[in-house]
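Student: I would like a close look at one part of this chain, set against the rest of the fold. Please keep it plain.

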Amino acid sequence: MQSPQALLAGFFLAAAGLGLKPWNRAGASMYTLYGDLGSGAFSAEAALAEAGAPYTFEMVSLERGEQKQPAFLAINPSGKMPALRLAEGQIVTESAAILMTIADHFPGARLLPPLASPARAQAYRWLAFMAGEVYPIVEIVDYPERFAPPGCDVEGVRRIARDRIRERVLILERMMAGETFLPGGFSILDIYAAMFSRWSLEPDWKLAHLPRLMALAEAVSNRPAIAPVWQRHFVRT
Ligand SMILES: N[C@@H](CCC(=O)N[C@@H](CS)C(=O)NCC(=O)O)C(=O)O
């Protein structure tokens, strides 16, 4: 049995081994976002940027499987990103919960429609749809072996998961209001929907079937606060 001191030292060594380096250490940092580029951390970072929040970005490499190492599991036991550390030290995980928390912390940024309004209910509805009906299927496309019994056709599992994502994203395409997901203007739903437009699906299919969602993503990518975040996550060379 290791002493508590040894366990603590081990944790910090593991964190150092992960290379958890801040994206930007300039100035006092209130929020710490953990994630990788091109991952769900995009949505959290875009919302922080849009809110004008001070934050640092701590890299957790998916390629190196760092999300399943002890240092990150101590932050999010499900081994998934993003995770956000708030000013007082509390951790929030689950991308939709993070987006709603950022919207709550920065009411002046109007990242959600007014509390208790009909539009707010629709915002919850479609955030929950993306988080609950689309995001979990992305895991099957990315890691089909997790869902296939030994000897099973893993590529077949991935193919069918892609079909389910297509169906569900087509629902988003039909239900979005227009240039923004909600009729009242920009919200965290635009950030979230734009992120899902980047994953899992073939470019040709998206161009043919998702004209509204692709236009929305283009608009999100051009927002002054989000453009540099979008570049870092999705337009890396
Ligand atoms: N329900 C989680 C899902 C997060 C998730 O699946 N994130 C991916 C990256 S986009 C991840 O961390 N995958 C690593 C893994 O599953 O091992 C959320 O909404 O935050």
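Student: How many C-beta neighbours does Glu-155 have inside 10 Å, and does Glu-155 count as buried or exposed?

Tutor: The model is a predicted one, and what follows should be read in that light. Glu-155 has 10 C-beta neighbours inside 10 Å, so it counts as exposed; the cut-off for that class is 12 or fewer. The residue belongs to helix α6, which covers residues 154-175. Glu-145 sits ten residues away from Glu-155 along the chain, and the two C-alpha atoms are separated by 8.8 Å.

Further along the sequence there is a loop between α7 (188-196) and α8 (203-209), which holds Ser-200. Leu-201 lies in that loop between α7 and α8 as well. Beyond its neighbours within four places in sequence, Leu-201 is in contact with Arg-162, Ile-165, Arg-166, Val-169 and Lys-206. For the pair Leu-201 and Val-169, 32 residues apart along the chain, the C-alpha atoms are separated by 9.8 Å. Leu-201 has 17 C-beta neighbours inside 10 Å and therefore counts as partly exposed. Ser-200 has 20 other C-beta atoms within 10 Å, so it is buried; 20 is the lower limit for that class. Ser-200 also has a phi near 70 degrees, which is a positive value in a residue other than glycine. Most residues other than glycine have a negative phi.

For a buried residue within a helix, take Trp-126, which lies in α5. Trp-126 has 20 other C-beta atoms within 10 Å and is therefore buried. Leaving aside neighbours within four places in sequence, Trp-126 is in contact with Met-175, Phe-181 and Leu-189. Trp-126 and Tyr-192 are 66 residues apart in sequence, with their C-alpha atoms 9.8 Å apart in space.

Tyr-192 leads to the interior. Together with Ala-47 and Ala-193, Tyr-192 is named among the residues with the most contacts inside the largest nonpolar core, a set of 57 residues. Domain 1 (4-109) and domain 2 (118-223) both contribute residues to this core, so it lies between them. Ala-47 itself, apart from its neighbours within four places in sequence, is in contact with Leu-99, Ile-102, Leu-111, Ile-188 and Ile-191.

Leu-99 turns up again where two helices pack. Helix α4 (residues 95-105) and helix α5 (residues 118-142) have their axes 9 Å apart and pack at an angle of about 150 degrees. The two helices are therefore roughly antiparallel to each other, since an angle over 145 degrees falls in that class. On the α4 side the residues are Ser-95, Ala-96 and Leu-99, and they meet Leu-127, Ala-128 and Ala-131 in α5. Five of the residues of this contact are nonpolar, one is polar and none is charged.

Helix α4 has an exposed residue too. Asp-104 lies in α4, and it is exposed because 11 other C-beta atoms lie within 10 Å. Asp-104 and Leu-115 are eleven residues apart in sequence, and C-alpha to C-alpha they are 9.8 Å apart in space. The loop between α4 and α5 holds Arg-110, whose phi is near 50 degrees, again a positive value in a residue other than glycine. With 15 C-beta neighbours inside 10 Å, Arg-110 is therefore counted as partly exposed.

One more backbone detail should be checked in the display. The peptide bond from Met-81 to Pro-82 is cis, with omega near 10 degrees. Pro-82 is in the loop between α3 (70-73) and β3 (83-85). Most peptide bonds are trans.

As for the fold overall, the chain has ten helices and four strands. Read along the sequence, these follow the pattern α-β-α-β-α-β-β-α-α-α-α-α-α-α. Of the 237 residues in the chain, 34% count as buried. Among the contacts with a separation of 6 or more, 67% come from residues 24 or more positions apart. To return to the part you asked about, Glu-155 in helix α6 is one of the residues that count as exposed.

Methods. Residues are numbered from 1 along each chain as its sequence is written. This is a predicted model: local features need pLDDT of at least 70, side-chain atom pairs count only at pLDDT 80 or more; totals for chains, interfaces and linings use all residues. Axes are lines fitted to C-alpha atoms, for helices over the stretch in contact, and angles run from 0 to 180 degrees between N-to-C directions. Angles under 35 degrees count as roughly parallel, over 145 as roughly antiparallel, 65 to 115 as roughly perpendicular and the rest as oblique. Two residues are in contact if their C-beta atoms, placed from the backbone, lie within 7 Å. Ala, Val, Leu, Ile, Met, Phe, Trp, Tyr, Cys and Pro count as nonpolar, Asp, Glu, Lys and Arg as charged, and the others, Gly among them, as polar. A nonpolar core is a set of buried Ala, Val, Leu, Ile, Met, Phe, Trp, Tyr and Cys residues joined through C-beta atoms within 7 Å. Domain bounds come from an automatic or database domain assignment.
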